[in-house]
Amino acid sequence: MKKVQDASIGGRNFFLDEDAYERLGEYLGHFRARLNANSPKMAPEQIDEVMNDLESRIAELFMKETGSTNRTVSIELVNRVTSQLGMPDGSQESETAYGTGPETSGNMPPFGEPHKKIYRSMDDKVIGGICSGLAIYFGVDVVLVRLLAIIALIAGTAGFWVYVIFWIVIPKAETPVQKCEMHGLPLTAENLARFNIKRK
């Protein structure tokens, strides 16, 4: 009979088999070490934020698989989640210098396609990031969206009020998770780390 560990992951409680608990701790340790090695310019608080985002993503995937009532996590689920997320540089854990990660088959089913969400882009903003956010969402050139916004503002007061409403309603993309959602990218460790590095 396996021992079960009670663990808080991303602010949610789960029950992990003893081997699953050890494997998850090993993965998080390898991920942090790899992040430190590949991103020496990242401040400690940025690394902590990436790790918090990673734990939140792990918790979401665990919840999706176990449900809200039975939160028991097996080693198979931990291996599946860690294989999907990989390392900060996009490699699998087994491809890193640590060599202790599980080998992946490459045909493991994903946990769902990424869903693109609309946000205000804070990385390429002029006023509120609305035009750049809309350009990313619709996949068009930001210059075109800004030109249409200027024409709408000149044409009448309706353009001004639409812009103000968008400013109020559309949230800012501030965290790496939100930036991945804005670009329609999967919430992998590589993407989370990439957007965190870009933050100022």
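Q: In this predicted model, which residue with a positive phi follows helix α2?
A: Let's start at the end of α2, a helix that covers residues 44–66. The residue that follows α2 has a positive phi, near 85°. That residue is Gly67.

Q: How far does helix α2 reach from its first C-alpha to its last?
A: Helix α2 has 23 residues, and at 1.5 Å a residue a span of 33 Å is expected. The reach in the model is close to that expectation. From first C-alpha to last, α2 reaches 32 Å.

Q: Which two residues touch the most other members of the largest nonpolar core?
A: In general, nonpolar side chains of soluble globular proteins tend to be buried together. Here the largest nonpolar core has 26 residues. The two that touch the most other members are Ile58 and Phe62.

Q: Which element gives the most residues to this largest core?
A: Of the 26 residues in the largest nonpolar core, Ile58 and Phe62 touch the most other members. At least two residues of this core come from each of β1 (4–9), β2 (12–17), α1 (18–38), α2 and α3 (75–85). The one that gives the most, with 9 residues, is α2.

Q: Which residues does Phe62 touch, not counting those up to four places away in sequence?
A: Phe62 is a good place to look inside the core, being one of the two residues that touch the most other members. Leaving out residues up to four places away in sequence, Phe62 touches Ile9, Phe14, Leu24, Gly67, Val73, Leu77, Val78 and Val81.

Q: How many residues make up the other core, which lies apart from the one around Phe62?
A: Phe62 touches residues including Ile9, Leu24 and Val81. Apart from that core lies another, with Ile130, Leu134, Ala135 and Val142 among its members. The size of this other core is 8 residues.

Q: How far apart in space are Arg12 and Phe62, C-alpha to C-alpha?
A: Arg12 lies in strand β2. In sequence, Arg12 and Phe62 are 50 residues apart. Leaving aside neighbours within four places, Arg12 is in contact with Ala7, Ala59, Glu60, Met63 and Arg71. The C-alpha to C-alpha distance from Arg12 to Phe62 is 9.8 Å.

Q: Why does Arg12 count as partly exposed?
A: Partly exposed residues fall between the buried limit of under 20% and the exposed limit of over 50%. Arg12 counts as partly exposed because its relative accessibility is 33%.

Q: Which residue meets Glu26 in a salt bridge, and is that partner buried or exposed?
A: Side chains of opposite charge can pair when their charged atoms come close. Glu26 and its partner meet at 2.9 Å, N to O, and the two are separated by about one helical turn because they are 3 residues apart in helix α1. Glu26 counts as partly exposed at 30% relative accessibility. The partner has a relative accessible area of 7%, so it is buried: Arg23.

Q: Which two helices hold the salt-bridge partners Arg32 and Asp48?
A: The closest N and O atoms of Arg32 and Asp48 are 3.2 Å apart. The pair ties together parts that are 16 residues apart in sequence, because Arg32 lies in one helix and Asp48 in another: α1 and α2.

Q: How many residues apart are Arg146 and Asp124?
A: The side chains of Arg146 and Asp124 meet in a salt bridge at 3.8 Å, N to O. This pair links distant parts of the chain, with Arg146 in helix α5 (residues 142–155) and Asp124 in the loop between β4 and α4. Their separation is 22 residues.

Q: Which helix gives the most to the nonpolar surface patch?
A: The patch covers about 1100 Å², and its members include Val126, Leu153, Phe160, Trp161 and Trp167. Val126 is found in the loop between β4 (120–121) and α4 (130–138). The helix that gives the most, with 8 residues from its span of 157–169, is α6.

Q: How many of the residues of helix α7 are buried?
A: Helix α7 (residues 176–183) is mostly covered. Its buried residues are Pro176, Val177, Lys179, Cys180, Glu181 and Met182. Of its 8 residues, the number buried is 6.

Definitions and conventions: Residues numbered from 1 in each chain as written. Predicted model: local features only at pLDDT ≥ 70, side-chain atom pairs only at ≥ 80, totals over all residues. Heavy atoms only, no water. Patch = residues over 30% accessible without salt bridge, like charges linked within 9 Å, V, L, I, M, F, W, Y side chains within 5 Å. Areas by Shrake-Rupley, 256 points an atom, 1.4 Å probe, with all protein chains shown as cover. Salt bridge = Lys/Arg side-chain N within 4 Å of Asp/Glu carboxyl O. Helix = DSSP H or I, 4+ residues; strand = E, 2+ residues; numbered from the N terminus. Buried < 20%, exposed > 50% of the residue type's maximum accessible area, 1.4 Å probe, protein only. Expected span 1.5 Å × (residues − 1). Core = buried A, V, L, I, M, F, W, Y, C linked by side-chain atoms within 4.5 Å. Contact = heavy atoms within 4.5 Å.
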